[in-house]
Amino acid sequence: MAKSNKTGRKEGEDRHVRIHYWLMESDAWKSLQPTARAVLIQIYAGYNGQNNGTIGLSSRAVANLVNIGRNAADNALRELQVRGFIKATVKGHFDFKGVKR
């Protein structure tokens, strides 16, 4: 069980993901497909309080986390970008330069 510190806050409390009610009532949230909502929750889970803008998540990683196919993951990430929930800071790429087989 977590103990309170001097300020009354719990120490060692489990991390959690918060989705505000106002967000769930927004037209943008309501327009999301369930897969995109699941992906957004996983993105929120990757936030540690200091890494906004640096959460690295590929479509392959999304597919594994949410247990969906890569095409569905790509579609969900694209939908989240179009609706303004996420913004890609670095476009991912796959390249074979320097790879020896």
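Me: How do you know that the span of helix α5 agrees with its 13 residues?
Reply: The expected span is 1.5 Å times one less than the number of residues. For α5 (residues 70–82) that should be 18 Å, and the end C-alpha atoms are 18 Å apart, which agrees. Helices here are DSSP runs (H or I, at least four residues), numbered from the N terminus. The model is predicted: local features need pLDDT of at least 70, side-chain atom pairs count only at pLDDT 80 or more, and totals for chains, interfaces and linings use all residues. Residues are numbered from 1 along each chain as its sequence is written, and side-chain values use heavy atoms, without hydrogens and water.

Me: Which residues of α5 are buried, and what makes them line one face?
Reply: A73, A76, L77, E79 and L80 are buried (under 20% relative accessible area, 1.4 Å probe, protein chains only; exposed is over 50%, partly exposed in between). Seen down the axis, they fall within an arc of 160°, so they line one face. The arc is taken from the directions from the helix axis to the C-beta atoms. N71 and V82 are exposed on the face turned away.

Me: Why does buried E79 have no salt bridge?
Reply: A salt bridge needs a side-chain nitrogen of Lys or Arg within 4 Å of a carboxyl oxygen of Asp or Glu. The nearest side chain of opposite charge to E79, R83, is 4.1 Å away, so the cut-off of 4 Å is not met.

Me: What makes K30 and E25 a salt bridge?
Reply: Their N to O distance is 3.6 Å, so the pair is within 4 Å. The whole structure has one salt bridge.

Key: Helices (H or I, at least four residues) and strands (E, at least two) are DSSP runs, numbered from the N terminus. Lys and Arg count as positive and Asp and Glu as negative; His and the chain ends are not counted.
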